[in-house]
Amino acid sequence: MNISGNGLLLAVPSPRPVGTIMGITIFFTKPCRELRIEGVVVHVATRNGLHEDDMPTCLGIYLTQVDAEWLKICDELAE
């Protein structure tokens, strides 16, 4: 997974059509919490590299619903 404040690159086992609206829940263990975001698929590609047998498709998702917690996490990861 590759993330930013307004986008997400996600490896998945099967493709979704461009335009698909996706709800995504991300679970964190430390601290234990759950974060829900929503977006629309804008790009679909075949992965080349590690673990492509398990997750052969890569989706580019434009995020349409995020909260301040998501933006904070993105900022922390960018440091």
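Which strand is Ala11 found in? Strand β2. Hold on to that residue; I will come back to it.

First, the model. This is a predicted model, not an experimental one. The average pLDDT of the protein is 87. A score of at least 70 is reached by 92% of the residues. Confidence is lowest in strand β1, residues 2-3, with a mean of 80. Confidence is highest in strand β5, residues 57-65, at 93. A general caution goes with that: where pLDDT is low, the predicted coordinates should not be read in detail.

Now the overall picture. The protein has five strands and one helix. Going along the sequence, the pattern reads β-β-β-β-β-α. The C-alpha trace spans about 30 × 25 × 20 Å along its principal axes. There are 79 residues in the protein, and 25% of them count as buried. The accessible surface comes to about 5,400 Å². Carbon and sulfur atoms hold 55% of that surface. On charges, there are 6 positive and 10 negative. The mean positions of those two groups lie 4 Å apart.

Next, the sheet. In what order do the five strands of the open sheet come? The order is β1-β2-β5-β4-β3, with antiparallel pairing. The edge strands are β1 and β3, and each of them pairs on one side only. As general background, strands of a sheet pair through backbone hydrogen bonds, either parallel or antiparallel.

Let me walk across it, starting at β1. Strand β1 and strand β2, residues 7-12, run antiparallel and are joined by two bridges. Ile3 has Leu8 in β2 as its bridge partner.

Move to the other edge. Strand β3 covers residues 21-29, and strand β4 covers residues 32-46. How many bridges link β3 and β4? Nine, in the antiparallel sense. The two strands form a hairpin, with two residues between them. Two pairs to find on the screen: Thr29 has Cys32 in β4 as its bridge partner, and Phe28 is matched with Arg33 in β4.

Strand β4 also pairs with β5. That pairing is antiparallel too, over eight bridges. Here Glu38 stands opposite Gln65 in β5.

What about contacts along the chain? Take the contacts with a separation of 6 or more. Of these, 54% are between residues 24 or more positions apart.

Back to Ala11 in strand β2. How exposed is Ala11? Its relative accessible area is 28%. Buried would need under 20%, and exposed would need over 50%. Therefore Ala11 counts as partly exposed.

Which residues does Ala11 touch, once its neighbours within four places in sequence are left aside? Ala11 is in contact with Arg47, Met55, Thr57 and Cys58. Two of those names, Thr57 and Cys58, fall in the residue range of β5, 57-65. In the sheet order, β2 and β5 stand side by side.

One distance to finish on this residue. Ala11 and Pro56 are 45 residues apart along the chain. Their C-alpha atoms are separated by 7.1 Å.

To recap. The open sheet has five strands, in the order β1-β2-β5-β4-β3. The sequence pattern ends with the helix. Ala11 sits in β2, partly exposed, in contact with residues that include Thr57 and Cys58.

Key:
Residues numbered from 1 in each chain as written. Predicted model: local features only at pLDDT ≥ 70, side-chain atom pairs only at ≥ 80, totals over all residues. Heavy atoms only, no water. pLDDT = per-residue confidence, 0-100. Helix = DSSP H or I, 4+ residues; strand = E, 2+ residues; numbered from the N terminus. Pairing = 2+ DSSP bridges. Buried < 20%, exposed > 50% of the residue type's maximum accessible area, 1.4 Å probe, protein only. Contact = heavy atoms within 4.5 Å. Areas by Shrake-Rupley, 256 points an atom, 1.4 Å probe, with all protein chains shown as cover. Lys, Arg positive; Asp, Glu negative; His and termini not counted. Charge placed at Lys NZ, Arg CZ, Asp CG, Glu CD.
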